[in-house]
Amino acid sequence: MQIVTTKAEVRAQVRRWRAAGEKVTLVPTMGALHKAHMDLARLAGAGGRVIVSIFVNPTQFAPGEDFERYPRDLDADADLLHEAGVDLLFAPGQEEVYPRGLDDPTRVEVPGLSAELCGAHRPTHFAGVTSVVARLLLLTLPDAVVFGRKDYQQLVILRRMTEDLHIPVEVIEGPITREKDGLAMSSRNRYLTEAERRTAPVLHAELRRCAARIEAGERGFPGLEEDAAARLAEAGFAPDYVAVRRAGDLGPPAASATGEWVVLAAAWLGSARLIDNVVCGAGS
């Protein structure tokens, strides 16, 4: 596996692969890798060459969030990627991604949806995500990019960004990888204490319970959301939100409508902010 840190290096290798007729897929990450990331890398590898980027992006963290303590271990991450058969690790420094610095960088922003759900609680987060992903796509120039479904709102926003900006890249959706007890794998799970870790699977269980009620025909979405949030609070969480939305665009669902929905939640458990979602309805 190659490890490169500059635009010139990664683009030179992409040119060589393209000249050989090979497809190139990017998996953007912030490191602190685990099995879910490896699953995304293997999904990407089914189509040809795989680049995994590792960059802890400062612009998606607000003051007081966990940018400084976000886990970083490039050597351990590189070992995992090598074992997973990744072709190239792109680990740029901040100056490579933000050549003019962070005081007033050019931003890419998807309006509306970026201010809802997680965006209502982290107002600058998604502008940071779209800005850095746009940069990573332009730095690496892949044919396809893989995003995981666990960050469902992020997936929808990034898909819209690539479509609105006519970025010539295929967006591939990776499934959620879960622990045996249902907890969605996340780099931030390591913030949980042992007692909190035992409680954490309740989040997924409550989303499944809510989805099952929808599947059974209930359409009082506000009541379903309030009930799930209350049950999470009783279990020891501090919910930011529980929401039922249309799966395709995250718009609010009409009670009389049919189709595919997604039940999403973000909730604090100790110092860890956990997010998860369950898709239900037609085609789920």
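Which residues have the most contacts inside the largest nonpolar core? Before I answer, please keep in mind that what we are looking at is a predicted model. The residues in question are I51, F90, V133, L137, Y152, M161 and L250, and the core they belong to has 43 residues. Several elements give two or more residues to this core, namely α1 (7-19), β2, β4 (88-90), α6 (125-140), β5, α7, β7 (238-246) and β8 (260-269). Of these, α6 supplies the largest share, with 8 residues. The core also draws on both domains, taking at least three residues from each of domain 1 (2-174) and domain 2 (189-278).

Let me take L137 as an example from that list. Once residues up to four places away in sequence are set aside, L137 touches L26, P142, V145, M161, T162, I167 and V169. There is also a second core, separate from the one just described, which has 30 residues and includes F61, A200, L224 and V244. As general background, nonpolar side chains in soluble globular proteins tend to be buried together.

One of the contacts of L137, V145, takes us to strand β5, which spans residues 144-148 and has 5 of its 5 residues buried. In a regular strand, the side chains alternate between the two faces of the sheet. In β5, A144, V146 and G148 point one way while V145 and F147 point the other way, and all of them are buried. On the pairing side, β5 runs parallel to strand β2 (residues 24-29) over 2 bridges, and L26 is the residue that stands opposite V145. With strand β6 (residues 170-174), β5 pairs in the parallel sense over 5 bridges, and here G148 has G174 as its bridge partner. Between β5 and β6 the chain passes through helix α7 (residues 152-164), and this β-α-β crossover is right-handed.

Staying with strands, let me turn to V50, whose place is in strand β3 (residues 49-54). V50 has a relative accessible area of 2% and is therefore buried. Apart from neighbours within four places in sequence, its contacts are T25, V27, A41, A44, G45, V86, D87 and L88. For a sense of distance across the model, the C-alpha atoms of V50 and G248 are separated by 27 Å, with the two positions 198 residues apart along the chain.

That brings us to the division of the chain into domain 1 (2-174) and domain 2 (189-278). Their C-alpha centres lie 26 Å apart, and the contact between them involves 18 residues of domain 1 and 17 residues of domain 2.

Finally, the cysteines. How many disulfides does a search of the whole structure find? The count is 0. Why is C118 not bonded to C210, which holds the closest cysteine sulfur? The two sulfur atoms are 16 Å apart, and that is too far for a bond. C118 is also buried, at a relative accessible area of 8%. C280 is likewise in no disulfide, the nearest cysteine sulfur being that of C210 at 7.4 Å. Because its relative accessibility is 1%, C280 counts as buried.

To close where we began, the picture I would leave you with is a core of 43 residues that draws at least three residues from each domain, with α6 giving the largest share.

Technical notes: Residues numbered from 1 in each chain as written. Predicted model: local features only at pLDDT ≥ 70, side-chain atom pairs only at ≥ 80, totals over all residues. Heavy atoms only, no water. Buried < 20%, exposed > 50% of the residue type's maximum accessible area, 1.4 Å probe, protein only. Helix = DSSP H or I, 4+ residues; strand = E, 2+ residues; numbered from the N terminus. Pairing = 2+ DSSP bridges. Right-handed = clockwise from strand over helix to strand, strands pointing away. Core = buried A, V, L, I, M, F, W, Y, C linked by side-chain atoms within 4.5 Å. Domains from an automatic or database assignment. Contact = heavy atoms within 4.5 Å. Disulfide = S-S within 2.5 Å.
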